[in-house]
Amino acid sequence: MAARTARSSTTRILYSFCTTSSPQTALLTGNFHLRHFSAGSAAAARLREEKDGWWKESLQKLRNIGISAHIDSGKTTLTERVLYYTGRIHEIHEVRGKDGVGAKMDSMDLEREKGITIQSAATYCSWKDYQVNIIDTPGHVDFTIEVERALRVLDGAILVLCSVGGVQSQSITVDRQMRRYEVPRLAFINKLDRMGADPWKVLNQARTKLRHHSAAVQMPIGLEDDFKGLIDLVHMKAYYFHGSSGEKVVAEDIPSNLGAQAQEKRRELIEAVSEVDDKLAEAFLSDEPISASELEEAIRRATIARSFVPVFMGSAFKNKGIQPLLDGVLSYLPCPTEVSNSALDQTKNEEKVTLTGNPAGPFVALAFKLEEGRFGQLTYLRIYEGVVKKGDFIINVNTGKKVKVPRLVRMHSNEMEDIQQAHAGQIVAVFGVDCASGDTFTDGSVKYTMTSMSVPEPVMSLAITPVSKDSGGNFSKALNRFQREDPTFRVGLDTESGQTIISGMGELHLDIYVERMRREYKVDASVGKPRVNFRETITQRAEFDYLHKKQSGGQGQYGRVIGYIEPLPPGSATKFEFENNLVGQAIPSNFVPAIEKGFKEAANSGSLIGHPVENIRIVLTDGAAHNVDSSELAFKLASIYAFRQVYTAAKPVILEPVMMVELKFPTEFQGTVTGDINKRKGMIVGNDQEADDCVISAHVPLNNMFGYSTALRSMTQGKGEFTMEYLEHSQVSNDVQTQLVNAYNATKSTD
C-alpha cells in the first residue's frame, strides 16, 4: 500500500513539474518516461520468457505413454512393477488375483477373475523428477477400440513382446495402429525367465514381420532359469537386480565371458542407428569413438522421428529390467512438445491446424474415453493446448454446448486425486461433463475439432432379453451406459421379433457385457444364438416406376416416383447415395426429403434375408403429384414400395463378414487343422513355420467360426491357439445364399 502511495505521489510530482516547467524540461521528462517504459517492457518480456521457460521445462519432464501388446505378453504385470518402483503402490499383486487382490490396473472384478484387461486404465507416476502418464491397454482383439483410443492421445508407447511367443497376430495389429497414429515406440522383450526364451529370434521377427528398423540396446546375462541381469549396450555396464522385489539396481563391470559379445552387439546398435541418423553416421564413418551420450542422443532423435525402435529386455514377473526400461522411456520417448498434433478448424472448412502444445494458447482437449463412475459420468481428457481450471466453462465443439468443469481429477486406475488445474500435455478426468467419446472441447475462442478416431464396424449380434420383467429399467440403463463407453458396442431393435439386439466385435466382447450387466446392474439376461451381421447389395441397374394411390373418403394418398437404382462403384466412401435428377416441378421440392427418407428406410431391410442393403445409389428422375391428395406420407410410402418392387430386378446378393484368422499349433496337427479350415469354406493365404509350430493365416466366413475355439482345442490336444479380426464383407456362394433365404422364409412363415 505504501509503495502504491509513493508511486502515485511520484506521478503527481512529475505531472506538476511538467505543467510548470519549460518545453525543454517537459521534453526531458518525456524521455525519462520513454526510458522508464522501455525498461518496463523489457522486464515484462523477460518475465514472460521465464514463465514460458517454466512451462517448457515442465512439459519436457512429462511423458504420455501406453503399454500395448498381444494377449498374455505381460502388459499389466509390467505396469504393476512400474507403479511399484515409482512408489505409486507399496506391494506387488499378480494379475490373476490369486491373493484376492489382483493387479492394480485391472480394477474390474471380471478382469481379475479372467486375468485379462478389458478397459484401458489410466494412471500416472513420477520417476527421477519426470511425470509419466501410463495407459495400460487390452491385448485381446475384441477390445481393439480401447487400444485405438489410447494410442490416439499418447505421445509414445511400449510394445511388449513375449520372448517365447515372439511377434504374434495381435502384436501386428497393435503395431499397425501405432503406425496409423504415428506413435514413436520402444519394444520390450518380456519373459526372459521362461523356458525357450530367445530374444534374438524375437528381434529378427520384429524386423521381418513388423518391418521395424530396430536393434537391441540391452543384452541378457543368461536366459531361462539362469537369467541374472542385463548389459546396457549404450553405457557398457552390467545391471543386476537385488532385493525381495528387485528394487536394488546394482551396476557392475561387464562379465569377462560376455565382453566380446557385448562389443559386437554395441557395434550392431551403432550401425543400425547411423543408417537413420546423419550426425551419428558421420562419427561412425570417420571411425571416431562414440560416447554414450552421443549414442543416446542419436537414438532419441531416431526414435522420435519414428525411424528406429530401440529394444529393451527383461522379465516383469521376476522383477528384472524394469528400472532401465523406465530410464529408456525418459531418454528416448518424446515429451508433448516434440510431437506434432493437428486439429481441424471448423470455421475454415476443416483446414488443418497444427497445435503448438503451448499452455498459453487457447484451450483444446479431446474426450477420448467415458466411464460411468460412482459420482456420475467420468470423462478422460487429453489436453493439447491451453489450461483448464476447476470451475471453468468449456465448450463442446461437436454439440455447441457450454459446460462447467465442476471437478478435475487425476486418475490412478479406479482411484482419483483432486487437482485445481491442468495444462497442455496432461491426461486428466472431469466429472459431470455430458459428452460422447471423441468430442473436442475448447474455451470458445477457437472452433477446432481433433481428427476423429476410426471405429470398426461390429461383426456379431446377439438377441438379449432380461429374465425378470422388473429389471427393464436397469437393463436399458446398462445398455445406454455401455454404448456411450464403447463405440463398437451397438444396440438395436429387431422390428419383426421385437427383441433387443446387441452387436460387437466378437463372442468374448458380447459375453463380457452380458456378464457386466449381471454384476453391475443385477440384471440376469437370457441370450439368443449369435447372429452374423450379413448385408445385402445389388449387382445391376434396374428401373422403377411406382404409383401409390389410395382413396378412402376424404383426403386420399397419391404419389408417383420414377427413376433407377444401381450399385455404387467399389471403394465408395458412402454406403447409400440418393440423387435428385428431377427436371421441372413434376414433384414439388418439399416432398423430395420424404422420398429420400422412404428409400433409406426400405434399404434398412432387404427382401432376401431382411438385412440392411449397402452400396446402392438411388436416382430420382421423374414422378407425379396430385394437388390435394399428395403428402409426405404418400411419397414416403411410394418410395418404400418402389424399392421393394425394383429390388429383385437388380439381382440382389448377400454379403457376409469374412475374418482374418491366424492359427498357431504344433506341426503334427497341420493336416487335420487345414482340412477343417477348408471344410469351413476358408481360404488359406499364408503358411509359416516357427520352430515346432505351424502358423497359418486364412480368410474364413464368420458364420462358420462359431465354437471354433473348442474345435481347435480338441483337434490339437489343447495346444493350438487362434485369433481373428474382421477383414471385409464379401459375396456368399449361390448355395449358401439359397440356404440363408430358405431359412429366413421359414422363420417368417412360422412367425
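A crossing of two helices is left-handed if the near helix is turned anticlockwise from the far one by less than a right angle, and right-handed if clockwise. The views below come from a predicted model, where local features need pLDDT of at least 70, side-chain atom pairs count only at pLDDT 80 or more, and totals for chains, interfaces and linings use all residues. Numbering starts from 1 along each chain as its sequence is written, and side-chain values use heavy atoms, with hydrogens and water left out.

**View A. Helix 14 meets helix 15 in a right-handed crossing.** Helix 14 spans residues 592-603 and helix 15 residues 632-647 (helices are DSSP runs of H or I, at least four residues, numbered from the N terminus). Their axes, lines fitted to C-alpha atoms over the stretch in contact, sit 7 Å apart at an angle of about 40 degrees. That makes the pair oblique (not under 35, over 145 or 65 to 115 degrees, on a scale from 0 to 180 between N-to-C directions). Contact (heavy atoms within 4.5 Å) involves residues including Ile 595 and Phe 599 of helix 14, with Phe 635 and Phe 643 among those from helix 15.

**View B. Gly 444 sits in a loop between two strands.** The loop links strand 23 (440-442) to strand 24 (448-450); strands are DSSP runs of E, at least two residues. Gly 444 is partly exposed at 44% relative accessible area (buried is under 20%, exposed over 50%, partly exposed in between, with a 1.4 Å probe and protein chains only). Ile 395, 49 residues away in sequence, is 5.9 Å from Gly 444, C-alpha to C-alpha.

**View C. Two cysteines are tucked away as buried residues.** Cys 162 has 4% relative accessible area, and Cys 335 has 2%. Searching the whole structure turns up zero disulfides (cysteine sulfur atoms paired within 2.5 Å).
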